[in-house]
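Reader: I am in my first year of study and should be grateful for a close look at a single part of this structure. Please begin from one residue and then explain what lies around it.

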Amino acid sequence: MNLHEYQSKRIFAKYGIAIPGGDVAETPAEARAVAEKLGGPVVVKSQVLVGGRGKAGGIKLAKTPDEAEQMAEQILGMEIKGLTVKTVLVDEASAIATEIYLGAVLDRANRRVVLMSSSEGGVDIEEVAATTPEKIIKVSVHPFLGLRDYQARILAEGIGLPKEHAADFIKIARGLYEVFVEQDANLVEINPLVITEDNKVMALDGKIVLDDNALYRHPELQAMHDPSEDDPAEVEANEAGLSYINLDGEIGCLVNGAGLAMATMDIVKHFGGEPANFLDLGGGAGAEKVTQALGIILRDDRVKAVLINIFGGITRCDNVAKGFLEAINTIETDVPFVIRLVGTNDVEGRQILADANLKNVITATSLSDAAQKAVAAAKGESA
Amino acid sequence: MSILVNKDTKVVVHGITGRQGTFHTEQMLEYGTQVVAGIRPGKGGEWATRNVPIFDTARDAVEATGANTSFIIVPAAAAPDSIIEAADAGIELIVCITEHIPVLDMVKVRAYLDTMGARLVGPNCPGLITPGEAKVGIMAGHIHTPGNVGVVSKSGTLTYELVYALTARGIGQSSAVGIGGDPINGTNFLDILQMFEEDSGTEQIVMIGEIGGTDEQMAAQFIKDHMSKSVSAFIAGQTAPPGRRMGHAGAIISGGEGTAAEKMDALQAAGAQVAKIPDELADMVAANIS
């Protein structure tokens, strides 16, 4: 789960990381009120969960409350990469002397949280990593020791931070690591961390990506979730205990197991088709889950054929076949189905399908066979 | 010969009284695995399915039964504790099936295990099997057959696909290990490749990887530097869109690290045979035999 900039910054503030004064607004009038309260120039920032807000015109400077209202008027309701802006953050404008990058991320290879800093703040850090990797300084944190001050000093020295700001920087680095660990994050980023002309060090922007698996122990973070930015089909799938991702193609995929689901997408593409989705039924799925999954897949009217690929381990093929027949009874469709059932109770499952004698059902044996038949069926050819 | 588990393996099941725990205990016993104990705090002294004795703690179970392997199938919130408890009780091999464990919990668990010398397989994995001897996992036992192809994989169902195709061709497996698809796990490809290389009962190896992380690239380096046995590989997620999580928490590509193409190139350059589609894997293995 991703947090909005204003949510991230409010968390930062609780951990002693300085942020500009400001508040959120959902109407131009509210934006004006915030600007009046702050006094002086402000920045009006769209709150959507995508990068590149500035380039898209979603971040504007306003010198007066009048201007703040106008800017909010422009930004609220605008679309940025398919997301509608419903909230803006109105922050005090800062006179920036220096922009720094500071972030924490999980390093899978070393199995540690890594803190990274760079003198190249305010730009895309992936870009810095690609072009000038030597400008990114990293320290790796032992989980039993936590971030030590000397490690923060290594970062400060590595990015050439002026000595008079070292104490502030160490405090912020420590706060950042605490946010990461206590909130169960996968990524915490301050970009840019700025030194203002009046020598304050503060987080001008903020990004937190949370570990979904740990949300159960953070009800207050769960409450921050903004479902309006989620794909409705993905939300429905999630509630049904399915793992689903909407893609652009024409072949719906219903598979058990994440690896097999990915491989099924790969093989569809290999034979010239485009997958319409990733869908992992999970282990031990019964009829109900299959019905829900098919409902979600078939609601996408770009789907021209559905490939059902089940390798029964804990999942029983006869249950999947029964679920399929139930679903077909409730959903009216003439989309062709290519079904491959292998593994636990596959003979029974295939028999159930054969007995039903449906005209838009094609059975397949191997994975390649199934993919080829699905690609042909989507093109309106019979394989 | 085989790796990690065999007919002498003595298993203690953590979470034996749960629905899944009961079912898989029965399945493992039917396959011939010695399940000697179960753990369910508060029910010590009682009996689980098939008269397996229940203990309150792993320490009690190990003392009373000589269990040397843990099979953990408890909820995600309890799993880190179970893993550490098993290690503290002197268990040498800990197999954790549980999925959705918070990643920072695993950072701590793994750091602790490394100080104890215990081996963890998983979490979020199907477990492992030595066909004809023992399975400590949730895979369907009947599709496996004893032989000398070593299998190591991040994906349960893709492993079943491969094993099924091998068995259908009359090709058996020495051991099949599911290492799981989480970003932090106990055992990676490199560890298992090393064991298969040293195992006299394994003649060639199949590895099934996934997008995300750099485990497969490290395996490639190991294959290049240290392996004499042939390795055939497949990487799932060649068409996955960047930045999206594909079911396995580890299967996410961001910042260009860990794409399928990178991994396939690294393995190819290291001398492994790389399949474009999973169906080709069994053919590659068969061709190596003839």
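**A residue of the core and its surroundings**

Author: Leaving aside its neighbours within four places in sequence, L307(A) is in contact with I251(A), G252(A), C253(A), T264(A), V268(A), V338(A), A370(A), A371(A) and A374(A). The model in which these contacts are found is a predicted one.

L307(A) belongs to the largest nonpolar core, which has 188 residues. Together with L176(A), L279(A), A374(A) and I94(B), L307(A) is among the members that touch the most others in this core. In soluble globular proteins, nonpolar side chains tend to be buried together. The largest share of the core comes from helix α9 of chain A, residues 258-270, which gives eight residues. Apart from this core there is another, of 19 residues, including V34(A), A68(A), V85(A) and V88(A).

The helix α9(A) merits attention in its own right. Its 13 residues reach 18 Å from the first C-alpha to the last, close to the 18 Å expected at 1.5 Å a residue. The helix is mostly covered, with eleven of its 13 residues buried. Among the buried residues of α9(A) are T264(A) and V268(A), both of which are also in contact with L307(A). Other buried residues of this helix include A258(A), G259(A), L260(A), M265(A) and D266(A). Just after α9(A), G272(A) takes a positive phi of about 95°.

The same helix leads to the boundary between the chains. There, 43 residues of chain A are in contact with 47 residues of chain B. The largest share of the chain A side is that of α9(A), with eleven residues. At least two residues each are supplied by β14 (243-246), α9, β16 (277-280), β18 (337-343) and α13 (367-378) of chain A. By type, the residues on this side divide into 22 nonpolar, twelve polar and nine charged.

The wider setting within chain A may now be described. Chain A is divided into domain 1 (21-92), domain 2 (96-222) and domain 3 (232-378). Between the C-alpha centres of domain 2 and domain 3 of chain A there are 43 Å.

On the other side of the boundary, chain B contains nine helices and 13 strands. Its radius of gyration is 18 Å, which agrees with the value near 19 Å that a compact globule of 290 residues would have. The C-alpha atoms of chain B fill a box of roughly 55 × 40 × 30 Å along the principal axes. Of the 290 residues of chain B, 57% count as buried. Among contacts in chain B between residues at least 6 apart in sequence, 72% join residues at least 24 apart.

Chain B is divided into domain 1 (10-121) and domain 2 (139-289), and the C-alpha centres of these two domains of chain B lie 26 Å apart. Ten residues of domain 1 of chain B are in contact with eight residues of domain 2 of chain B. On the domain 1 side, the elements that give two or more residues are α1 (19-31), α4 (103-116) and β6 (119-121) of chain B. Of these, α4(B) gives the most, with five residues. The residues of that side divide into seven nonpolar, one polar and two charged.

Technical notes:
Residues are numbered from 1 along each chain as its sequence is written. Chains are lettered from A and ligands numbered from 1 in the order in which they are written. This is a predicted model: local features need pLDDT of at least 70, side-chain atom pairs count only at pLDDT 80 or more; totals for chains, interfaces and linings use all residues. Domain bounds come from an automatic or database domain assignment. Two residues are in contact if their C-beta atoms, placed from the backbone, lie within 7 Å. Helices (H or I, at least four residues) and strands (E, at least two) are DSSP runs, numbered from the N terminus. Ala, Val, Leu, Ile, Met, Phe, Trp, Tyr, Cys and Pro count as nonpolar, Asp, Glu, Lys and Arg as charged, and the others, Gly among them, as polar. The radius of gyration is taken over C-alpha atoms; the globule rule is 2.2 Å times the number of residues to the power 0.38. A residue is buried if 20 or more other C-beta atoms lie within 10 Å of its own, exposed if 12 or fewer, and partly exposed in between; C-beta atoms are placed from the backbone. A nonpolar core is a set of buried Ala, Val, Leu, Ile, Met, Phe, Trp, Tyr and Cys residues joined through C-beta atoms within 7 Å. The expected span of a helix is 1.5 Å times one less than its number of residues.
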